[in-house]
Amino acid sequence: NAGTNAEVYISIYGERGDTGSRPLLRSQKPKKFLKGQTDIFAVKAVHLGHLYKIVIGHNGHGSGNGWFLDKIVIKDPITDLDYTFLCHRWLDQGQDDGNISRELTVTDASTFPGRQELEIRREETWAAEKWKFQKGNTLQFYNRLTHGFICLGPDGKVDALGDKNNKYGKVF
């Protein structure tokens, strides 16, 4: 359910102006905005110069209108530059923050190319794993060398020897 049947629109902003809101109507794929699919659209506009942001969204109509958008890459045929706009969020009234449109800024090409994507993945991993580090929890890691558990107690104490027969041990 990460695709959408809603009408999707985009506004592209550059140093020389913007396109205004444009519907994304004809994909090079038979069905557009399916889960895991990359769609390609041609948007005709005057040359906007260097791009700095986009606004992408949908009208919220239709069943299953929520949409998970990974990223948008705009290829400028005049300068032969690619502009990447990372999203990696839901455009869905019932998911994430409930917004069905996003304002995205261009990824800075002068930084490490995958840096923003790595940061997004790091934040997602922490969101999924932070429950383990809540106050009062005891963490137990299985030690392959000793075949026992290394325990990190809620008081900060570490039991590096661990009990091989700890029936409450959880492997993380």
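## Strands, rings and a pocket

Reader: Which residue stands opposite Cys 151 in strand 10?
Author: Happy to start there, keeping in mind that this is a predicted model. Strand 9 and strand 10 (residues 158-159) pair in the antiparallel sense, over two bridges. Across from Cys 151, in strand 10, stands Asp 159.

Reader: Which residue takes a positive phi in the hairpin of strand 9 and strand 10?
Author: Five residues lie between the two strands of this hairpin. Among them, a positive phi near 95 degrees belongs to Gly 156.

Reader: How many bridges join strand 8 to strand 9, and what stands opposite Tyr 142?
Author: Strand 8 (residues 139-143) and strand 9 (residues 148-152) run antiparallel, joined by five bridges. They form a hairpin with four residues between them, and His 147 in the turn has a positive phi of about 60 degrees. Facing Tyr 142 from strand 9 is Phe 149.

Reader: The structure holds two aromatic pairs; why is the pair of Tyr 13 and Tyr 52 called stacked, tilted or edge-to-face?
Author: The ring centres of Tyr 13 and Tyr 52 are 6.5 Å apart. Planes under 30 degrees apart would count as stacked and over 60 as edge-to-face. The planes of Tyr 13 and Tyr 52 stand at 50 degrees, so the pair is tilted.

Reader: How many residues apart in sequence are the parts that Tyr 13 and Tyr 52 tie together?
Author: Tyr 13 belongs to strand 1 and Tyr 52 to strand 4. The pair therefore ties together parts whose separation in sequence is 39 residues.

Reader: What kind of pair do Phe 68 and Trp 90 form?
Author: Phe 68 is in strand 5 and Trp 90 in strand 6 (residues 81-91), 22 residues apart, and their pair links distant parts of the chain. The rings are 5.5 Å centre to centre, with 70 degrees between the planes. That makes the pair edge-to-face.

Reader: Is Trp 90 buried or exposed, or partly exposed?
Author: Buried means under 20% relative accessible area, and exposed means over 50%. Trp 90 has a relative accessible area of 21%, so the word for Trp 90 is partly exposed.

Reader: Which residue has its charged end over the ring of Tyr 13?
Author: The distance from that charged end to the ring centre is 4.6 Å. The residue that sits over Tyr 13 is Lys 53.

Reader: Which strand gives the most to the lining of the largest pocket?
Author: The largest pocket has a volume of about 1200 Å³ and is lined by 36 residues. Strand 1 (8-14), strand 4 (51-58) and strand 5 (67-76) each supply at least two of them. With 10 residues, the one that gives the most is strand 5.

Terms used:
Residues are numbered from 1 along each chain as its sequence is written. This is a predicted model: local features need pLDDT of at least 70, side-chain atom pairs count only at pLDDT 80 or more; totals for chains, interfaces and linings use all residues. Side-chain values use heavy atoms; hydrogens and water are left out. On a 1 Å grid over the protein atoms alone, a cavity is a set of points where a 1.4 Å probe fits but cannot get out, and a pocket is an open set with protein on both sides within 12 Å along at least five of seven lines; lining residues have an atom within 4 Å of a point. Grid points are joined across faces, edges and corners, and a volume is the space filled by probe spheres set on the points. Rings of Phe, Tyr and Trp (its six-membered ring) pair if their centres lie within 6.5 Å; planes under 30 degrees apart count as stacked, over 60 as edge-to-face and the rest as tilted. Buried means under 20% relative accessible area, exposed over 50%, partly exposed in between (1.4 Å probe, protein chains only). A charge sits over a ring if NZ of Lys or CZ of Arg is within 6 Å of the ring centre and within 35 degrees of the ring normal. Two strands pair if DSSP finds at least two bridges between them.
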